[in-house]
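Colleague: I should be grateful for a guided reading of this model, taken step by step.

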Amino acid sequence: MNIAMILEMAADALGDRVAFGTRAEGLSYEELRTAARAVADRVEGTGAERLALMEPNGPIVPATLFGAAWAGVSYAPLNYRLPEASLEQLVARIEPAIVAAPNWVDIKDGSDRAFPDSPERPAVLLFTSGTSAEPKVAVLEHDQLLAYVFNTLEFASAGDDEAAIVVVPPFHVAGVAAVLSNTYVGRRIVPVPGVRFSAEDWLITARDEGITHAMLVPTMLGKIVEAMEADASLRVPTLRALSYGGSRMPAPILERALHLFPEVDFVNAYGLTETSSTVAILGPDDHRLALYSDEPLFKARLSSVGQPLPGIEIRIVDEVGASVGPDIPGEIQIRGDQVGGKYVGTDSKTDTDGWLHTGDRGWLDVEGYLFCEGRADDTIIRGGENIAPAEVEDALLQHDAISVAAVVGLDDERYGERIAAMISLRAGVEEIDVDHVREWVRERLGSLKTPELVVVTDEVPQTATGKILRRQVKADLGG
Amino acid sequence: MANQMGKRYVCSECEATVLVTKAGDGELSCHGAAMEIAQAKPLPSSD
């Protein structure tokens, strides 16, 4: 099948409903289909096999995603923040390719071209964020993306008052999933103006557009929480559901957010580029139970990423490849129809039995709730002890003055590795005593897990979606 | 009875599933009987 079917169905069934943009000026599903066909017309005859996109937002994003599908070529959204030379290198890796331009959006085009039922080329090519190595090009097939949509969503199930605010960039798998999912359920997509994320712009757009659904990465939610705490007029009364994911959510930020949005359903979504977005979710009831229960099993779940979606299997595997029982950490492996794991030019991370070896470390509790500790490669080994950077980062973020924390291992002659932390401070906090910060961690985690080095910086290196760029943090700290 | 756009129909005999992508007047049948609408368990929105 072809992901173009999603827009075809929405345009046939919901035609005039606004698909993308503001209530006043947005494009309808019918207009979006026209725009997608117009984009496909531009690709026709050029010999391109990939359609690249370098725009941050706007109607060109869904028009290019669906337009590529209509033309039977692969959609390749690129990180528009990169310098021009880097972008040229990325385009060179996916040739023959052409780049879409914003003026390609044409809602008066008369074309009634059909899309190929079974395109030969993959639907989407995504450059992985490359936090610990060079970016790879992940391949997502039409059938994998459709498995996610068909297994988890009901067609046209959104009310015509529903609207989702989308701030994840198009080049992230969540940006692709947001367009496909919201189009399939019939929920209007509202982008936030501007290239850099601003909590105030987000809150004002969400309020003015009557937003009901939102998806955020943890750093963005942190900024929104701070803005709401500072200004009681910044509220979004229409908001019903807020999902988050992309990197680990610090528990203190989540608890503050739950109190600021008491009526909102919170969902934690866990997924990878290679799994066509979400594979596990922690639902609203799990969040409430964790917040109000005294039972340790339930309380702990505020840091869980939840249970597998329909059609998804998750297992934990030890060093020799054997599946392990509850509460025992190991590598997270995932299997299901939406799971890819293929890359352009390098080996697949999916084995012959269909299990994707994620490289993420985690464990399952007795009821199958998944806990993710982060990349296995990031584990710090100090004097033979394994230390998850996430645990130390969480302890640092419990401190009121700290807004972002990155913990890495630096080479050490005596212990193999020593712990180093880079932190940035919350708005309004001028300075902090690093010995006080170390003492703060020692009181909570003991001296073994206390960073020997703490460096305060204006901005901790992060990707656009809030993932810590550990290679760069390490280099900056002299590792 | 016409089939409904976007609904999944399942055969109770062999569990074959069909997703309707264009509405129409026909009736879906499998193993000699009309296929039934599958009720999906609603999931909270994650994107």
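The questions below concern domains, helices, sheets and the contact of two chains.

Colleague: What kind of model is this, and which domains does the assignment give for chain A?

Modeller: This is a predicted model. The domain assignment divides chain A into two stretches, namely domain 1 (4–303) and domain 2 (379–476).

Colleague: How far apart do the C-alpha centres of domain 1 of chain A and domain 2 of chain A lie?

Modeller: The two domains touch: 20 residues from domain 1 of chain A and 18 residues from domain 2 of chain A take part in the contact. Their C-alpha centres are separated by 31 Å.

Colleague: Which helix gives the largest share of the side of domain 1 of chain A that touches domain 2 of chain A?

Modeller: Two helices of chain A, α8 (218–230) and α9 (251–260), each supply at least two residues of that side of domain 1. By class, that side of domain 1 of chain A, where it touches domain 2 of chain A, has eight nonpolar, nine polar and three charged residues. The largest share, five residues, comes from α8(A).

Colleague: Is α2(A) roughly parallel or oblique to α3(A)?

Modeller: In chain A, helix α2 (residues 29–43) packs against helix α3 (residues 60–71) at an angle of about 60°, and their axes are 7 Å apart. Angles under 35 degrees count as roughly parallel, and 65 to 115 as roughly perpendicular. The angle of this pair therefore makes the arrangement of α2(A) and α3(A) oblique.

Colleague: Which residues of α3(A) make the contact with α2(A)?

Modeller: The crossing of α2(A) past α3(A) is right-handed. By class, their contact has eleven nonpolar, two polar and one charged residues. From α2(A) come L32(A), A35(A), A36(A), R37(A), V39(A), A40(A) and V43(A). The partners in α3(A) are P62(A), A63(A), T64(A), F66(A), G67(A), W70(A) and A71(A).

Colleague: In what order do the three strands β22, β23 and β24 of chain A stand in their open sheet, and why is one side of β22 and of β24 left without a neighbour?

Modeller: The pairing in this sheet is mixed, and the order is β22-β23-β24 (chain A). In chain A, β22 (402–412) and β24 (453–456) each have a single partner strand, so one side of each is left without a neighbour in the sheet. The reason is thus their place at the edges.

Colleague: Which residue in β23(A) stands opposite I402(A)?

Modeller: The strands β22(A) and β23 (residues 416–425) of chain A pair in the antiparallel sense, over ten bridges. Opposite I402(A), in β23(A), stands L425(A).

Colleague: At what angle to β22(A) does helix α12 of chain A run?

Modeller: Helix α12 (residues 389–397) of chain A lies across two strands, β22 and β23 of chain A. The direction of α12(A) makes an angle with β22(A) of about 145°.

Colleague: Which residues of α13(A) does α12(A) meet?

Modeller: Helix α12(A) packs with helix α13 (residues 434–445) of chain A at about 115°, with the axes 9 Å apart. The crossing of this pair is right-handed. From α12(A), the residues E391(A), V392(A), A395(A) and L396(A) meet three residues in α13(A): V441(A), R444(A) and L445(A).

Colleague: Which residue in β17(A) stands opposite V139(A)?

Modeller: Strand β7 (residues 137–140) of chain A pairs with strand β6 (residues 124–127) of chain A in the antiparallel sense over four bridges, and there L125(A) stands opposite V139(A). Two bridges also join β7(A) to β17 (residues 342–343) of chain A, again antiparallel. In β17(A), the residue opposite V139(A) is K342(A).

Colleague: Which residue in β5(B) stands opposite Y9(B)?

Modeller: Chain B has an open sheet of three strands with antiparallel pairing, in the order β2-β1-β5. Within this sheet, strand β1 (residues 8–10) of chain B pairs with β5(B) over two bridges. In β5(B), the residue opposite Y9(B) is I37(B).

Colleague: How many residues does chain A and how many does chain B give to their contact?

Modeller: On the side of chain A that touches chain B, elements including α1 (4–14), α5 (142–152) and β12 (265–272) each supply at least two residues. By class, this side of chain A has 15 nonpolar, seven polar and three charged residues. The contact takes 25 residues from chain A and, from chain B, twelve residues.

Methods:
Residues numbered from 1 in each chain as written. Chains lettered and ligands numbered in written order. Predicted model: local features only at pLDDT ≥ 70, side-chain atom pairs only at ≥ 80, totals over all residues. Pairing = 2+ DSSP bridges. Contact = placed C-beta atoms within 7 Å. Axes fitted to C-alpha atoms, helices over the stretch in contact; angles between N-to-C directions. Domains from an automatic or database assignment. Nonpolar A, V, L, I, M, F, W, Y, C, P; charged D, E, K, R; others polar. Parallel < 35°, antiparallel > 145°, perpendicular 65-115°, else oblique. Left-handed = near helix turned anticlockwise from the far one by under 90°.
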